[in-house]
Each structure stands twice: as C-alpha cells, then as structure tokens.
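Reader: I'm new to this, and I keep tripping over the labels people put on structures. Could we go through a few of them together?

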Amino acid sequence: MKAKIIKKKDILDRLINGYEVFAPVERDGLILFETIGSGSEALLGYQSSKMPPKGILFPQSETLFSYSSTKDTANIGVPPGLEKPRLIFGIRPCDAMSFRLLDKVFDGECKDPYYINRRATTVVVSVGCTTSRASCFCTAVGGGPFSAEGSDLLLIDIGDEYVVQIVSDKGARLLEERGFEDAGEDKLALVPEVIKAAEASMEPGVEIYGLKEKLDNRFDDPIWQQLTEKCLGCGVCTYLCPTCYCFDIVDEVVGSGGERIRIWDSCQFPLFTLQASGVNPRPTVRERFRQRIMHKFSYFVDVYDQIGCVGCGRCVTECPVNLDIRQVLNSIAQLEVVK
Ligand code: SF4
Ligand code: SF4
C-alpha cells in the first residue's frame with residue numbers, strides 16, 4: 001500500500017489552500033456537507049451525514065442554461081465553470097463508492113458535461129469507518145468500512161494520526177504538492193488490525209447472493225403488495241439515497257427569456273411517470289416501490305454489472321414508517337427463482 005502519515009489536527013489546514021473545501025459540519029443538529037473556511041469547522045468523528053454528499057457533484061437544483069430573445073436575436077448563456085477546484089473531505093467509503101455508480105450514469109454512454117466537469121476538478125478524501133451504525137450494510141453490497149472505491153485518498157484512523165492511503169494519481173499529486181511524509185513500517189503495521197476490527201463489528205444485514213435472479217421474473221408477483229403495504233410514497237428514501245439520480249427538467253420562463261433548470265425527482269412520486277394522456281404505468285405505491293427495488297438490484301446490474309446501492313442505511317434510518325430495505329431484500333431472498 002502506498003501511504004503517507006499526517007497528524008489529525010493538521011490535516012485539513014495542510015489540504016485546504018487553493019480548494020473550495022466541503023466537509024461534514026453540524027447545522028441545527030444535522031450533519032451536512034458544507035463549504036468550510038478553516039479546518040477547525042469540520043467534524044472528524046461523525047458517523048453518517050443526513051444528506052448524502054452527492055449534491056456536491058449533482059446539485060439538487062441547477063441551471064443548465066439561460067436564454068433570452070428579442071424580435072431579431074436569440075441568446076443562450078451557459079453558467080460559468082467552477083472558480084476553484086474542489087476537495088470533499090471526510091466522506092464515508094459508502095458515499096465515495098456512490099460516486100463510482102454516478103460516474104457510470106453521467107459519464108458512461110451518455111455524457112453529462114455538468115457532472116463530468118465537477119467530478120474532474122474534485123478531489124475526494126474519504127475517512128474509513130472504525131465503527132458502524134446498526135443500519136449499515138456496505139459489506140453486503142460489495143463495499144466495506146475501508147473500501148477505497150471512488151476516493152482519491154483514504155484516511156485510516158490510527159489514533160492521533162491518519163495513515164493516508166493513496167488511491168489515485170489525483171490524490172498522489174495533492175500529497176506530493178503538500179509535502180506529506182511517507183508512512184513508516186511501524187504505522188502501516190497498525191492498519192490491518194483497524195480494518196479487521198471494523199469489519200468484524202458489522203452485522204451481515206442482507207442476503208444479496210442470487211437476489212437478481214429471484215427478482216427477474218417477479219414483476220407481477222403478489223409479494224409486492226405485501227412488501228409495500230405500509231409505504232407512504234413520501235420519497236424520503238430516494239432523496240437521501242446517494243445513488244438515486246432521477247431528475248426532471250423545467251423551464252422557468254420570464255417574458256421572452258428564462259432558465260432551463262434540472263432538479264432532483266423521485267420514482268416514488270405519482271407524477272414521475274404520469275403521461276400527458278393521463279395514463280400512469282405506475283399508478284400506485286406498489287408499482288413505484290417495486291421500481292425502486294428492481295432498479296437498484298436488477299436493472300442497474302443488467303446495465304452496469306453492479307448493484308445500485310452502497311448500503312449506507314439512510315433509507316433504513318429515515319423512512320417514517322420503518323420500511324427497512326434489508327427486510328424487503330431478505331424476504332425476496334427467501335423466494336425460489338421463477339423460470
Ligand atoms: S421513505 Fe419509506 S414511506 Fe417514504 S417512500 Fe420510501 S419506503 Fe415509502
Ligand atoms: S438504497 Fe438505501 S442503503 Fe442503499 S444506497 Fe440508497 S439510501 Fe443507502
């Protein structure tokens with residue numbers, strides 16, 4: 001492992017110059033990712049943020065372009081690029097892994113320049129989880145409390161210091177510029193124990209093996225009625241999910257000009273699939289909830305060969321009726337494969 005070492009109290013002040021830095025902060029009792037001006041503002045020992053940091057790369061609302069016209073002219077204005085490169089400090093490995101999934105969507109066959117530009121100018125520094133919440137299940141979906149996927153640097157807590165694992169060239173360049181010291185053998189020797197203890201503390205949570213095959217021929221299965229009985233269709237699970245990326249595009253028109261705006265949307269809302277004819281192919285909560293599960297655990301796997309969930313547990317802790325996705329998945333896992 002290529003790694004450097006840094007004192008916890010120094011790290012942000014060594015990294016912050018030249019970047020717009022987003023870090024976990026507490027605002028009105030909520031932990032959120034916001035811009036900070038000095039290292040002392042960041043919370044180092046949090047467990048999970050209320051909102052996922054995906055909004056830094058894929059904002060909840062953004063202007064794609066503005067337009068105006070007169071009788072003789074028409075103008076299109078594209079928003080300016082970022083003034084400074086960005087650094088996201090202290091995200092959890094599950095949230096960093098969600099960026100990899102968003103990369104597949106926004107930088108795959110279809111290219112989204114807004115996302116791609118932000119991603120290219122952002123350094124992601126994640127912090128491994130030495131403790132987990134009861135709702136976490138990252139290990140069941142291919143992640144782990146010290147997974148480096150989606151990060152440029154991964155911080156491993158060894159007491160007063162972090163071992164800084166170099167994951168990408170972008171991360172290596174940053175450490176080189178800031179003159180971090182190499183981690184010695186004595187420090188590196190502490191890392192496997194920290195990782196082992198964190199992994200051992202996690203509940204197995206979910207049975208994922210063979211799940212896709214069980215979902216594949218169950219589109220019209222009566223189990224969806226049972227599983228969705230208490231869902232309110234509020235959409236909280238999708239808004240707080242780091243891997244959900246559905247959006248709507250609206251024109252806000254003022255006179256002969258206006259702005260085209262992209263806003264997050266949710267497959268849990270009836271309007272999401274309501275057609276102009278008045279037909280809605282997902283008329284009830286049953287079809288909308290089924291879509292959420294099928295998309296993440298079957299369709300996403302078909303298209304990207306990966307599960308569309310990182311096991312962050314936000315939908316588990318925040319659902320107002322305690323509809324636990326792990327119980328849903330485990331109920332499906334107990335079914336036979338339908339041929
Ligand atoms: S948060 Fe719970 S109640 Fe709301 S849409 Fe999701 S599963 Fe249904
Ligand atoms: S489905 Fe739930 S557990 Fe999975 S990534 Fe989304 S919010 Fe996290």
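Author: Sure, let's take some labels one at a time; keep in mind that this is a predicted model.

Reader: Okay, helices. Why is H3 called oblique to H4?

Author: H3 (residues 93-106) and H4 (residues 113-120) pack at an angle of about 140°. Roughly antiparallel would need over 145, and roughly perpendicular covers 65 to 115. The angle fits neither range, so H3 counts as oblique to H4. Their axes are 10 Å apart, and H3 passes H4 in a left-handed crossing.

Reader: Which residues of H3 and H4 meet?

Author: From H3 you have Phe 99, Arg 100, Leu 102, Asp 103 and Phe 106, and they meet Tyr 115, Ile 116 and Arg 119 of H4. Sorted by class, this contact has five nonpolar, no polar and three charged residues.

Reader: What makes H11 and H13 roughly perpendicular?

Author: Same kind of check. H11 and H13 (residues 325-333) pack at about 75°, with axes 12 Å apart. The window for roughly perpendicular is 65 to 115 degrees, and the angle falls inside, so that's the label H11 and H13 get.

Reader: And what does H11 bring to that contact with H13?

Author: H11 brings Phe 289, Arg 292, Ile 293 and Phe 297, which meet Ile 325, Val 328, Leu 329 and Ile 332 of H13. The tally here is seven nonpolar, no polar and one charged.

Reader: Now the sheet. Why do E5 and E11 count as edge strands?

Author: The four strands run in the order E5-E4-E12-E11, forming an open sheet with antiparallel pairing. E5 (74-77) and E11 (247-254) each have a single partner strand, so one side of each is left without a neighbour in the sheet. From one strand to the next, the twist averages 20°.

Reader: How do you know that E4 and E5 really pair?

Author: Pairing takes at least two bridges, and four bridges join E4 (residues 61-69) to E5, so the pair qualifies. One of the bridge partners is easy to look up: Ser 69 goes with Ala 74 in E5.

Reader: Last one: which residue classes make up the shell around ligand 1?

Author: Nine nonpolar, two polar and one charged. The shell includes Cys 231, Gly 233, Gly 235 and Arg 292. Gly counts as polar and Arg as charged, so Gly 233 and Gly 235 go in the polar group and Arg 292 in the charged one. For ligand 2, the shell has eight nonpolar, two polar and one charged, and its residues include Lys 296, Gly 311 and Gly 313.

Terms used:
Residues numbered from 1 in each chain as written. Chains lettered and ligands numbered in written order. Predicted model: local features only at pLDDT ≥ 70, side-chain atom pairs only at ≥ 80, totals over all residues. Heavy atoms only, no water. Near = heavy atom within 4 Å. Axes fitted to C-alpha atoms, helices over the stretch in contact; angles between N-to-C directions. Helix = DSSP H or I, 4+ residues; strand = E, 2+ residues; numbered from the N terminus. Parallel < 35°, antiparallel > 145°, perpendicular 65-115°, else oblique. Left-handed = near helix turned anticlockwise from the far one by under 90°. Contact = heavy atoms within 4.5 Å.
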